[in-house]
Structure formats: structure tokens, C-alpha cells
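Subject: The structure we talked about

Hi,

Here is the structure I promised to pass on. Have a look at it, and then read on for what I found.

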Amino acid sequence: MEGDIAELGKYIGVGLTAIGMGGAAMGVGNVAGNFLSGALRNPSAAASQTATLFIGMAFAEALGIFSFLVALLLMFAV
Amino acid sequence: MATEAHGAEEGSSLVFHPMDQFIVKPLFGGTEVHWYTITNVTLWMALTIVAVLALMVLGTSGKKQVPSRGQSMAEMAYGFVYKMVEDVSGKDGLRYFPYIFTLFMFIVFANVLGLLPMSFTTTSHFAVTVVLALAVFLGVTILGFVLHGTHFLGLFWVSSAPGPLRPVLAVIEIISYFVRPVSHSIRLAGNVMAGHAVIKVFAGFAAIAAVSPVSILAIVGMYGLEVLVAFIQAYVFTILTCVYLKDALHPAH
């Protein structure tokens with residue numbers, strides 16, 4: 001047995017940040033799913049709203065990327 | 001930072017570390033990196049600029065009635081960004097179209113050149129994307145104050161909300177305003193870096209005979225996704241720049 005407890009905690013923490021990926025997945029899926037159900041009800045309005053779709057996806061996804069950033073900080077900066 | 005990880009991973013089954021591809025190293029020998037050292041980042045940024053210039057200059061030099069392939073690519077890119085700025089920022093946002101078009105072309109070419117095997121992806125480094133995002137953030141903030149003076153602060157004061165709620169909303173709006181450059185830059189670098197690292201992780205599995213067909217199929221699939229991500233992230237970066245520009249041009253809530 002070697003290594004110290006801080007190292008162990010660091011790697012467990014890095015692993016836990018993967019949970020953030022699930023949150024981002026739900027968020028992006030929610031945006032895309034709601035866009036699709038709206039677009040099928042009114043297809044003529046769908047084309048004008050694709051920009052909004054991508055902005056919404058980008059905002060939802062940014063928070064998932066933040067968890068990746070936390071993992072990077074834990075791995076290399078702490 | 002990747003070199004430390006490499007040291008820590010010594011003796012594992014991976015023959016290379018997935019983050020090794022992001023190491024900045026001087027092109028002409030030596031190991032020290034000064035501000036004037038020509039590194040692989042310098043080379044690939046220069047290639048990006050050469051590629052953008054080649055497309056736009058050679059594409060528009062012919063000016064034929066029936067466009068050639070190069071000319072129609074250049075016209076399509078121009079029209080795509082022009083329509084985006086017009087739709088999102090409005091007619092008065094078109095004054096800033098040249099800067100936004102430059103941003104889009106630089107990011108999309110850097111991402112796509114980074115997908116070439118053995119190449120270096122400049123947009124996977126936070127140092128590059130933070131500069132791009134800070135330029136947008138500072139430019140938009142200064143533009144807002146120049147155009148509207150203190151009225152620009154109305155961006156933080158939601159006058160359509162009920163009175164007691166407004167100070168609370170103001171705090172949230174200010175926090176969200178200052179998180180903008182952070183999320184703007186980290187979204188691009190994080191997406192590109194994560195995608196490239198995933199491809200390298202699958203490439204590491206290819207050395208094990210039993211799983212190598214699966215891992216090669218996974219690399220092909222991820223590569224297709226990365227081509228899509230390269231374009232979508234450039235699109236998202238540009239469209240968010242347009243949204244921030246619209247806030248500076250019309251700050252009233």
C-alpha cells in the first residue's frame with residue numbers, strides 16, 4: 001500500500017465530476033426534444049428558430065463543460 | 001500540465017497519454033518556450049490564417065457570373081455569417097460584421113485543420129480561446145458604454161419585473177454578465193479538447209488485439225462527430241458574439 005489519502009480523494013473527486021456529464025446530457029436532450037416537438041406542430045416556424053435552438057443547446061452544454069473544467073483543475077492544478 | 005500527467009502515468013498500458021497531443025513545443029529544437037519562440041501553435045495558427053486568406057482572396061479574385069467551387073464556398077461563408085449577424089444583432093449590428101466574420105473564419109479553419117492527423121489544434125488551448133472571448137467581452141462592454149453612457153447599466157435593472165424583485169435580479173444579471181467570457185471561451189476549448197482526447201483514448205485501445213476492431217469503429221464514429229462539432233462550436237461562438245453585441249446595441253430590458 002502506497003500513496004496518500006489526499007491523492008485518493010483527488011481521483012475520487014475527478015471521477016465524481018463525470019456526473020456533471022449526465023446533467024448536461026439531460027439538458028441538451030430536453031432542448032432538442034422540445035424543439036422537435038414544437039417543430040413538428042408548426043414546421044413553417046421551425047427554420048427561423050434554429051439559431052435559438054443552438055443558443056439554448058450551447059447554454060445547457062456550457063455547464064457540462066464546467067464540470068470537465070473542475071476535473072481538469074483537480075487533476076493538474078490542485 | 002500534460003507532461004506531469006505523462007510522468008504519473010508511466011508504466012500503464014497506454015503507450016501514449018491522451019493529453020500528449022496538446023503539448024506546446026518549439027519547432028526548431030530546444031525545450032524552453034519564450035514569448036518569441038516559434039512553436040507548433042505558431043505554425044498552425046499561421047497555417048489557419050493562410051488557409052482563410054487563400055479561400056477568400058483566391059475565391060473572390062475570379063468574380064465570375066457562374067461561380068467556381070472556391071468562389072461559391074467563399075460566397076456561402078460570407079452570406080451565412082452576414083445573415084446571422086443581421087438576424088440576431090439587427091441592421092445596426094452590420095457595422096461590426098467584418099470582425100465577426102473574421103472570428104468565424106478563424107475558429108472554423110483552426111478547428112478543421114486541427115482534425116488533420118498529426119496536426120495541432122490551436123483552439124484546444126484556453127490561452128487562445130480566452131483571448132478571443134476577452135476581446136469580444138471588452139469590445140462589447142466598451143461599445144455599450146460609448147453608445148449609451150450610463151444607460152448601458154439598464155441592462156442589469158430589469159424594469160419589467162416587480163419592484164422588490166429588481167435588486168435580486170440585478171445581482172443575478174451582473175453575475176451572469178461576468179461569467180460570459182468564462183463560458184464563452186471554455187465552451188470552445190473544452191469541446192475541442194475533450195473530443196480530441198476521446199479519439200486518442202480509443203486509439204490507445206487499438207493496441208489490444210481483442211478490442212481493436214471496436215476501437216477503430218469508435219474512432220471513425222467520433223471523427224465524424226468531431227467534424228460536426230468543429231463547425232457547430234464555431235457557429236455557437238459567433239452567434240453568442242452576435243447576442244452580446246445586440247445587448248450592447250439595445251441594452252433596454
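Below are my notes, going from the annotated segments to the contact between the chains and then to the core.

One thing before you start: this is a predicted model.

**Annotated segments**

For chain A, an unreviewed UniProt entry lists "transmembrane region" at residues 12-33 and 53-77. In the model, residues 12-33 of chain A are 91% helix and 0% strand, with 33 Å between the end C-alpha atoms. Residues 53-77 of chain A come out as 100% helix and 0% strand, and their end C-alpha atoms are 35 Å apart.

For chain B, the UniProt annotation (again from an unreviewed entry) puts "transmembrane region" at residues 35-59, 96-120, 126-147, 197-221 and 227-245. I looked at two of these. Residues 35-59 of chain B are 80% helix and 0% strand, with end C-alpha atoms 34 Å apart. Residues 227-245 of chain B are 100% helix and 0% strand, and there the end C-alpha atoms lie 28 Å apart.

**Where the chains meet**

Chain A brings ten residues to the contact, and chain B brings 16. On the chain B side, α1 (2-8), α3 (69-89), α6 (166-205) and α7 each give at least two residues. The largest share there is from α6(B), with six residues. Sorted by class, the side of chain B that touches chain A has ten nonpolar, three polar and three charged residues.

One helix pair is worth zooming in on. Helix α4 of chain A (residues 50-77) and helix α7 of chain B (residues 212-249) have axes that come within 10 Å and cross at roughly 100°, so α4(A) and α7(B) are roughly perpendicular to each other. From α4(A), the residues involved are A51(A), F54(A), I55(A) and A58(A); they meet Y235(B), V236(B), I239(B), L240(B) and V243(B) of α7(B). This contact of α4(A) with α7(B) is made up of nine nonpolar residues, with no polar and no charged ones.

**The nonpolar core**

The largest nonpolar core has 40 residues, and F104(B), I107(B), V108(B) and C242(B) touch the most other members. Which elements give two or more residues to this core? They are α4 of chain A, plus α3, α4 (97-114), α5 (126-148), α6 and α7 of chain B. The largest share, ten residues, is from α7(B).

If you want one residue to click on, try F104(B): leaving out residues up to four places away in sequence, F104(B) touches V81(B), A234(B) and T238(B).

Cheers

Technical notes
Residues are numbered from 1 along each chain as its sequence is written. Chains are lettered from A and ligands numbered from 1 in the order in which they are written. This is a predicted model: local features need pLDDT of at least 70, side-chain atom pairs count only at pLDDT 80 or more; totals for chains, interfaces and linings use all residues. UniProt positions are given in the numbering used here, feature names are shortened, and annotations may be inferred rather than shown by experiment. Helices (H or I, at least four residues) and strands (E, at least two) are DSSP runs, numbered from the N terminus. Axes are lines fitted to C-alpha atoms, for helices over the stretch in contact, and angles run from 0 to 180 degrees between N-to-C directions. Angles under 35 degrees count as roughly parallel, over 145 as roughly antiparallel, 65 to 115 as roughly perpendicular and the rest as oblique. Two residues are in contact if their C-beta atoms, placed from the backbone, lie within 7 Å. Ala, Val, Leu, Ile, Met, Phe, Trp, Tyr, Cys and Pro count as nonpolar, Asp, Glu, Lys and Arg as charged, and the others, Gly among them, as polar. A nonpolar core is a set of buried Ala, Val, Leu, Ile, Met, Phe, Trp, Tyr and Cys residues joined through C-beta atoms within 7 Å. A residue is buried if 20 or more other C-beta atoms lie within 10 Å of its own, exposed if 12 or fewer, and partly exposed in between; C-beta atoms are placed from the backbone.
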